[in-house]
Amino acid sequence: MRRLLIILILIYAMSLFSEAYICGTASDLVSGTGIPGVRITVTVDSLLYIAYSDTLGNFCTESFSGVAGLVFHKENYQDFIIDSLNVQDEPVNITVSMIPIALNSSLSGFVYENGNIAVPVADVNVIVSSAGNYYSTISDSTGFYFLQLMNGNYNLIAAKDGYHNYEITGINLSNSNRLINIPLEKLSNNNNFEIWPGDTNFDGVVDERDIVAIGTYWGYSGTSRLHQGYLWSANSYPNGWSIPEAALADCNGNGVVEISDVLALNINWNKQHSNSTFAVQPQNHYLYENFQEIYNSLGEGEIDLRIKKYIKENILSNPGGFIVKTIYPNPFRIGNSSRNETLSIDLSNLSNSNIELELFNLKGQMVKKKSIKGIEEKSGKIRLDMQNLNTGIFLLKISDNHKTITKKIILIK
Ligand SMILES: [Ca+2]
Ligand SMILES: [Ca+2]
């Protein structure tokens, strides 16, 4: 009894001095969702602790202090092992991505620009096919793509607007993981932009809509322009920007998109040029916080107030932008004339804006286009006529004034 009491006191004393613990999330590398029921075995010296992740994949170990070894184990996943993790006075937060072993091969690599590994290309559609089955993913901000696949022979196509497609045929996967880097080459016409300081969307006039590209590419940097400043004249496009549209947002040409570029809208407000042949849409999804920062830094002058009003009504009131709820049917079956050959795109969280649909084949050629202006409803269905198309993979680009979403559409017989 007395001995038990001493042990209890010892355990209590240890808990007083061992404040640190490890918490975190175990998630599936492919789907990104949390994995419930992962057994986390923690070994510290000769002590052993076991914890399990909850329904969301979150876990916390008991308190301890020292250098721990961790093993994450769950059926149908490769064990995830951390050899040594030093846990002293502070709680440690970790995220582990576990690799499913239900499928036995993977294809991964980096998409980078023109053979230059230092410039990753994000948002590239990587589509692989084998015997009529298609699998796809989109490269992340580091250019990394990952696909878990069955054994077999695959063809790969990487596609992104503004770049030549890249194709590889006959990739053999058999119980092994392949790393294939993809060099993407830019289409040369990206360098044909002229830069008029303030007209960031290149529609020929400086107005409040030009704030969208500045907020979208806030903080982006590239090479500076030959002639810097706000003078209303055509400047040639400087090479060295990973996203060409971001160079247009660098209004003063100092090589970075920041607050001084907003000044170009004030200085050149309502000025026009007739050199625009097309308006440029920002390619990436905008970050709400960037527009909030711009909004907060604007003053009370007439032009500033107009820009603020535009930001408030079109962006801040609509955080996250529009959402594509469903696209139906996809795969789309063609060649049956008794059916109504339209694709139905169900959108929500719309702001009062224009929606543009553009359908591209994998050669980058636009095969269908539809514009709808002045939408007042918050959600709705848009129908796209799909007649006269062949089977294959198509990319549907859905844009409003400040966001673009690209979805893959498969046409089958
Ligand atoms: Ca403009
Ligand atoms: Ca700048």
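User: Happy to start with the small sheet of three strands: in what order do its strands run, and which are the edge strands?

Analyst: In this predicted model, the three strands form an open sheet with mixed pairing, ordered β4-β1-β7. From one strand to the next, the twist averages 20 degrees. Pairing on one side only marks the edge strands, which are β4 (58-60) and β7 (92-98).

User: Nice. In that sheet, which residue of β7 is the bridge partner of Thr 25?

Analyst: Strand β1 covers residues 22-28 and pairs with β7 in the parallel sense, over seven bridges. Looking along β7 for the bridge partner of Thr 25, you will find Thr 95.

User: There is also a sheet of four strands. Why is one side of β3 and of β6 left without a neighbour there?

Analyst: That open sheet is antiparallel, with the order β3-β2-β5-β6. Strands β3 (47-52) and β6 (80-87) stand at its edges, so one side of each has no neighbour in the sheet, the reason being that each has a single partner strand.

User: How many bridges join β2 to β3, and which residue of β3 is the bridge partner of Thr 43?

Analyst: Strand β2 spans residues 39-44 and runs antiparallel to β3, the two being joined by six bridges. The bridge partner of Thr 43 in β3 is Leu 48.

User: Turning to the interior, which residues have the most contacts inside the largest nonpolar core?

Analyst: In general, nonpolar side chains of soluble globular proteins tend to be buried together. Here the largest nonpolar core has 32 residues. Strand β13 (residues 152-159) gives the largest share of this core, five residues, and at least three residues come from each of domain 2 (105-184) and domain 4 (323-412). The residues with the most contacts inside this core are Val 111, Ala 158 and Phe 394.

User: Which residues does Val 111 touch, leaving out those up to four places away in sequence?

Analyst: Val 111 is one of the residues with the most contacts inside the largest core, and Ala 158, also named there, is among those it touches. The full list for Val 111 is Pro 120, Val 121, Val 124, Ser 139, Gly 143, Tyr 145, Ala 158, Ile 182 and Leu 184.

User: And how many residues does the other core have?

Analyst: This core lies apart from the largest one. Among its members are Ile 195, Ile 211, Ile 307 and Ile 311. Its count of residues is 27.

User: Let's look at Lys 309: is it buried or exposed?

Analyst: Lys 309 has its place in helix α6 (residues 302-316). Its C-alpha atom is separated by 8.9 Å from that of Glu 208, 101 residues apart along the chain. Within 10 Å it has 11 other C-beta atoms, and because 12 or fewer makes a residue exposed, Lys 309 counts as exposed.

User: Which residue of β26 is the bridge partner of Phe 332, and which is that of Gly 392?

Analyst: Strand β26 (residues 404-412) runs parallel to β20 (residues 332-333), with two bridges joining them. Strand β25 (residues 392-399) runs antiparallel to β26, with eight bridges. For Phe 332 the partner in β26 is Leu 411, and for Gly 392 it is likewise Leu 411.

User: How many residues of β23 are buried?

Analyst: Strand β23 takes in residues 366-375 and is hardly covered. Seven bridges join it to β22 (residues 353-361), the two running antiparallel, and Glu 358 has Lys 369 as its bridge partner in β23. Of the 10 residues of β23, the count of buried ones is zero.

User: Where is the cis peptide bond?

Analyst: Pro 329 is found in the loop between β19 (323-328) and β20. The cis bond has an omega of about -10 degrees, and the residues it joins are Tyr 328 and Pro 329.

User: What is phi at Asn 349 and at Asn 388?

Analyst: Asn 349 lies in the loop between β21 (342-348) and β22, and Asn 388 in the loop between β24 (380-385) and β25. Asn 349 is partly exposed, with 14 other C-beta atoms within 10 Å, while Asn 388 counts as exposed, with 9. Neither is a glycine, yet phi is positive: about 60 degrees at Asn 349 and near 65 degrees at Asn 388.

User: Finally, over which residues does pLDDT stay under 50?

Analyst: For the protein chain, the mean pLDDT is 83, and 87% of the residues reach 70 or more. The stretch under 50 has four contacts beyond four places in sequence in the model, and covers residues 8-18.

Methods:
Residues are numbered from 1 along each chain as its sequence is written. Chains are lettered from A and ligands numbered from 1 in the order in which they are written. This is a predicted model: local features need pLDDT of at least 70, side-chain atom pairs count only at pLDDT 80 or more; totals for chains, interfaces and linings use all residues. Two strands pair if DSSP finds at least two bridges between them. A nonpolar core is a set of buried Ala, Val, Leu, Ile, Met, Phe, Trp, Tyr and Cys residues joined through C-beta atoms within 7 Å. A residue is buried if 20 or more other C-beta atoms lie within 10 Å of its own, exposed if 12 or fewer, and partly exposed in between; C-beta atoms are placed from the backbone. Domain bounds come from an automatic or database domain assignment. Two residues are in contact if their C-beta atoms, placed from the backbone, lie within 7 Å. pLDDT is the predictor's confidence in each residue, from 0 to 100. Axes are lines fitted to C-alpha atoms, for helices over the stretch in contact, and angles run from 0 to 180 degrees between N-to-C directions.
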